[in-house]
Every structure is written in C-alpha cells, then in structure tokens.
Amino acid sequence: MTDPVIVASDLGRRFGETVAVSQLELTVQAGEVFGFLGHNGAGKTTTIRMMNGILTPTTGSARVLGLDPMVDGTQLRSRTGVLTETPSLDERLTGRDNLTIYADLYRVPKDEVQARVDELLTGFDLIDRADDKAGGYSKGMKQRLALARTLLHKPEILFLDEPTSGLDPVAARQVHEMILQTTRQQGHTVFLCTHNLVEAQRLCDRVGVMEHGKLVALGSPRDLARQLVTNLTVDFEVDASSVPGALQALTAGGVTASAGQQAGTILVSGAAREQIPDQVSLLVNAGIRIYGVTPQEPTLEDVYFALHGEEPVQHNQAEVIQ
Amino acid sequence: MNWRAIQALMRKDLKVVVQNKGVIVPIILLPLILFIVIPALVLFIPSATASANSTDLAQLLAMVAPGLRDQLVGLTPDQAGVVFFLVYMMAPLFLIVPLMVSNVIAADSFVGERERKTLEALLYTPTTDGELLAGKILSALVPAVVVSLVGYLIYTVTADLAAAQIMGRALFPNPLWNVLVLWVAPAAAGLGLTSMMLVSVRAKTFQDAYQTGSLVVLPIVLLLIGQITGVLYFNIWLTLALGLVLWIIDAVLLFYGRRTFHRSELIARL
C-alpha cells in the first residue's frame, strides 16, 4: 500500500445556512484513480476547491501531497492540475496562447515551454488548429485543450471535474482514453468528479459517493456492489426444452424467474449471492441439466441507485413469471 | 514576487482586451478626440472671436479665477482664448484619458474574467493572491500611463501646430502639463483602477461594471466646472496637490480592494 496523497479529516464547508460539504473523511492513494460521485450540488466541486487551497474549509482540514492547502497553497498548486467543470479557456486567445500563458503561470522552465506546448497540442490532436482562437473550437476540442493545459506542468495529482460533461460519446471516449493514457502510463493520481456512472465504472479504482455534502459510500465499485446490491440477477443456462420445467421448479421453490432472451436461458432476479446454491439444487432435484450459472455483476449504476433507494432499469429481462 | 507570472497575466489580459471592441473602441476614440480633434478646433478661434463681440470674451475672462486671469494678461483676445482653451480647459479633460483607460481595462480584467468563466482556472495556478492582484493592476495601469504619455506627445504636436499661427510660439511642452502628465495622470489611472476593484465586488457583468465605474469621471467634470466658474484654476501647485490627493485616495481604495481580493472570496463569488 502506497502513502496517501490526499487525506481529508472532518472536512466541511458551509455557505451561510447551506451545507456544501460535511464531515468528509477520505484518503486517496498515490497512483489511484478515485471517483467522486454525486448529483449536481452534492459538494464535489467544493471539495476540489478546498483541496487546492482556493476555498477555506469551515471545519476540519485536508492534506494533499503532505501539504496543508490553506497554508502551502501556492506550492501545492504547482504540483496539482485542475480541470474545471467548464473549460475556463480564454476564447479570444488561440489554443497555443492559452497554453503558453499558463505554462508561464505554472512555472514551466522557460526553455521548455515551446516544446511542451507543441508536445501537448500534438498529443491532444490540436496542433492543426493551434493558432485558431479557442472560441471557434468544438466542445470536444475545448475540453481537450483544457485537459492539455492541466498537464502543462506534469502534475502529480489531477483533479478532473466532470471532464466529459456535455460531450458527445465520441469526444467523451477520446477524453477517457486521454485520462487513461496520462494516468496509467505516467502514474498520475486522479481525483475524478463525475455523475457519469459508466465513466466512473470504466476509469476508477475506488469511488466515493456524495449526497447532500456527505460521503455515503466508499470503496471499489466491485466491493460496493457486493455490499450494497443484494439483489443479483443470475443467468442459468439449461436445455431449451427444459425451460418450462425449470421455471416451474424455481417458481415452486419461491424464486422469481423468467425466460431469458436467448433460447435455453433463465433469469433469476432478486437473488442474494448465498441463495444461488439453493436455486441450483432446486433445478437439479427437478432433473434439469445445468450448463452454466452466471451471476450478473452489479454495475456502479446499481450501487448508486441502491444508495438512493431506487431501482435501476432492468436489463435482459423477458416476461416475469411469479 | 514571481515577475514571470505577473507578466504572463498582463500579456493574457492585454491580448484579451485588444479583441474586445467594448474596451478597445473607447481606448482609441477618446484620445483621438481629445488629442487631435479638439486641438484642431483652435484653428477656428480667429473666426469665432471675430464674430463674437469683445464683451463676450471679457465676460468669460471676468469669470475665471484671478490667478488664471493674470496668466492671460498681455495676450490678444485670440491668444488669450487659445491659451485658456488649450492649456487650462484641456488640463482636467486630459485626466479623463488615464482614468477611463484604466477603468475600462480593469472592468474587463476583474469582472469580464468572471463573466467569461475564465477566473477559476487562474485561481488554480500556483500564483499568490498578491501576484494575481499585481498582474491585474499592472495590466490596467501600464496601458493607461502609456496612452497618457503618447497622448501628451501627440497633443503637444497637434496643439502647437494648431496654435502656431495665433501664438507665434510653442505652448507645449510646459511645466504645468509636465506635472499633470507625470504626476497626476498615473494617479488618475490608479483612481480608475482602484475604484473598479471595489465596483467589481458587486458587478455581475462587464457592462454593469463599466457603467458604474464611469461615474468616477464626475470629479473631473467638477474640476472643469470649477475652472470655468472661477473657483479654481490649474496652476502647478494645485496640480501637485491634486496629484497628492489622488494618490492618497488610490492608496485607501487599494487597501480596501486588497481586502476583498483573496482566492477564497473570489471563488465564493463565482
């Protein structure tokens, strides 16, 4: 286990009567891609601001890269990169100017600025439009330029606030690949704020779920799924001719089952993991030959909705037989 | 202080400003009118004085401060009109230039940045609050002082050319205006800037800030009226004192503006 690079202890922030973040306890390890999930207004952006020393906490404290953001903010921000929710680009400046000016602000060595800017413009596929004003770029290009700006000074931690918000699927995928490339290959730690659960599932080692300023769940997507999603869907593979008998046996045993979309499959929904052996027994005792049993792993979406007491949309489910 | 970061901030603000017509048009138009068009009006003074009766001019001169009247003794009516107009009347009007230039650039820099949603990225850079503020101040102050100096050079040429036939000598440069340009104009630029720092706390848009900030020219208008009505006139001592008062006001406004210029406050206002 590596040392934590982010530690939040009882971290909180109020705006008047509104509690934006409350009693946040959190650690993020070096090299980890940590997903910070929650609805709009859940407190994600406020947390990033406090962790970078640009917003004073009203309670508790944070340490990032061993530094107190409110005391060593300048030093800290030279080692972190933040992609804000809106690209925050100067749209009247060219893409190249946007990067060159920020390279100076991020204290990139003078003799390296040009090469670094060209390297990023090339890497983010913007070199052909580098001397056009950023205001004329597509949303995806703006987001890529903003991400390139975030990486100018080779930060040790990347804070990404809704990096694919408002992007079309192709542009979002490009951004995902760039995040994976810059993290997996270069070893950056990533603190990813998102309400896109598919994105979090795809990119994150661990996630924290925020609700009304409070951290309500923390763990790897898989662990959270096991803890929080008790109702699994299990896929049984049997002979196509045995499906009616299998459904009858399961129903008689008090199990909710349905025929799957593919011939010879049965879906058992609402099952706990520990009930699977009993369901197998019911079928075996009824003389059904079983060729496969596949519990469908719950997704982060299932976790998220379980936390909020809601049901996600059911997949692959045909007619339900009680 | 990290001067490289401050220079980068200035470069950024100025590159943005020159592409904003709402900012660049007044910066070009106002000096053009004050330093070229208005001095050229002096060419029409002989015909104006010929058509007006000598009592009108005498009445005007009777209204001005006694000290100013003394400055015009021994001059022909045309010459008195030219000196009164180009040297004394234009002195307070000249101050509008540094005031407005710094005011409008500061509006774009402080409020426009927030309106364009570019401030947040800036706050995440490893610059100190002091460096951010210095960058913002200098990006408004330096152009205002440069425009004033260049404007004075242009005014010197156009005013002397326009007045040459009537005066038979050069009126500019002269000690009064040298003090005005080198001592008072930077202070006036500072007033335009520091007043905008305070306005920016409440203003939501560049237009709001620009309109509210424009009220800062009112003291200049009062100086102009004061000179016409004989309450005061621009001699070197008054000009030195005016500069001192403006620098003190700048310092006070900067002190209060600095108190609100903290990352935590700026981000909370977004």
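1. A word on terms before anything else: a nonpolar core here is a set of buried Ala, Val, Leu, Ile, Met, Phe, Trp, Tyr and Cys residues joined through side-chain atoms within 4.5 Å. With that in hand, the largest such core has 168 residues, and A:F191 and B:W177 touch the most other members. Helix 6 of chain B (residues 77-115) gives the largest share of this core, with 23 residues. There is also a second, separate core of 16 residues, with A:L232, A:V243, A:A257 and A:L283 among them.

2. Please keep in mind that this is a predicted model. Its overall scores are ipTM 0.86 and pTM 0.83. Chain A has an average pLDDT of 88, with 95% of its residues at 70 or above. For chain B the average is 89, and 95% of the residues score at least 70.

3. Confidence does vary along chain A, so here is where to look. The lowest mean, 32, belongs to strand 14 of chain A (residues 320-321), while helix 3 of chain A (residues 95-105) has the highest, at 97. Over residues 314-322 of chain A, pLDDT stays under 50, and the model has 21 contacts beyond four places in sequence for this stretch. I would add a friendly caution: where pLDDT is low, the predicted coordinates should not be read in detail.

4. Chain B has its own range. Helix 3 of chain B (residues 45-51) is lowest in that chain, at a mean of 62, and helix 7 of chain B (residues 119-123) is highest, at 95.

5. What is the secondary structure of chain B? It comes to 13 helices and zero strands. The C-alpha trace of chain B spans about 65 × 30 × 30 Å along its principal axes. Of its 270 residues, 55% count as buried. Among chain B contacts between residues at least 6 apart in sequence, 84% join residues at least 24 apart.

6. Back to B:W177, one of the two residues noted for touching the most other core members. Leaving aside residues up to four places away in sequence, B:W177 touches B:L86, B:V87, B:M90, B:A91, B:F94, B:Y152, B:Y155 and B:F172.

7. B:E113 deserves a look too. This residue lies in helix 6 of chain B, the helix that supplies 23 residues of the largest nonpolar core. Is B:E113 buried or exposed? B:E113 counts as buried because its relative accessibility is 1%, and the cut-off for buried is under 20%. Not counting residues up to four places away in sequence, B:E113 touches A:D90 as well as B:K12, B:D13, B:D108, B:T118, B:L119, B:L122 and B:K136. B:E113 and B:F206 are 93 residues apart in sequence, yet their C-alpha atoms are 8.7 Å apart in space.

8. Now for the surface. About 11,600 Å² of chain B is accessible, and 72% of that belongs to carbon and sulfur atoms. A nonpolar patch of about 1,100 Å² includes B:W183, B:L198, B:W237, B:W247, B:F255 and B:Y256. Helix 9 (175-202) and helix 12 (236-260) of chain B each supply at least two of the patch residues. Helix 12 of chain B provides the largest share, nine residues.

9. A last point on B:Y256, which sits in helix 12 of chain B. B:Y256 counts as partly exposed because its relative accessibility is 43%, and partly exposed covers the range between under 20% for buried and over 50% for exposed.

How values were computed: Residues numbered from 1 in each chain as written. Chains lettered and ligands numbered in written order. Predicted model: local features only at pLDDT ≥ 70, side-chain atom pairs only at ≥ 80, totals over all residues. Heavy atoms only, no water. pLDDT = per-residue confidence, 0-100. Helix = DSSP H or I, 4+ residues; strand = E, 2+ residues; numbered from the N terminus. Contact = heavy atoms within 4.5 Å. Patch = residues over 30% accessible without salt bridge, like charges linked within 9 Å, V, L, I, M, F, W, Y side chains within 5 Å. Areas by Shrake-Rupley, 256 points an atom, 1.4 Å probe, with all protein chains shown as cover. Salt bridge = Lys/Arg side-chain N within 4 Å of Asp/Glu carboxyl O. Buried < 20%, exposed > 50% of the residue type's maximum accessible area, 1.4 Å probe, protein only.
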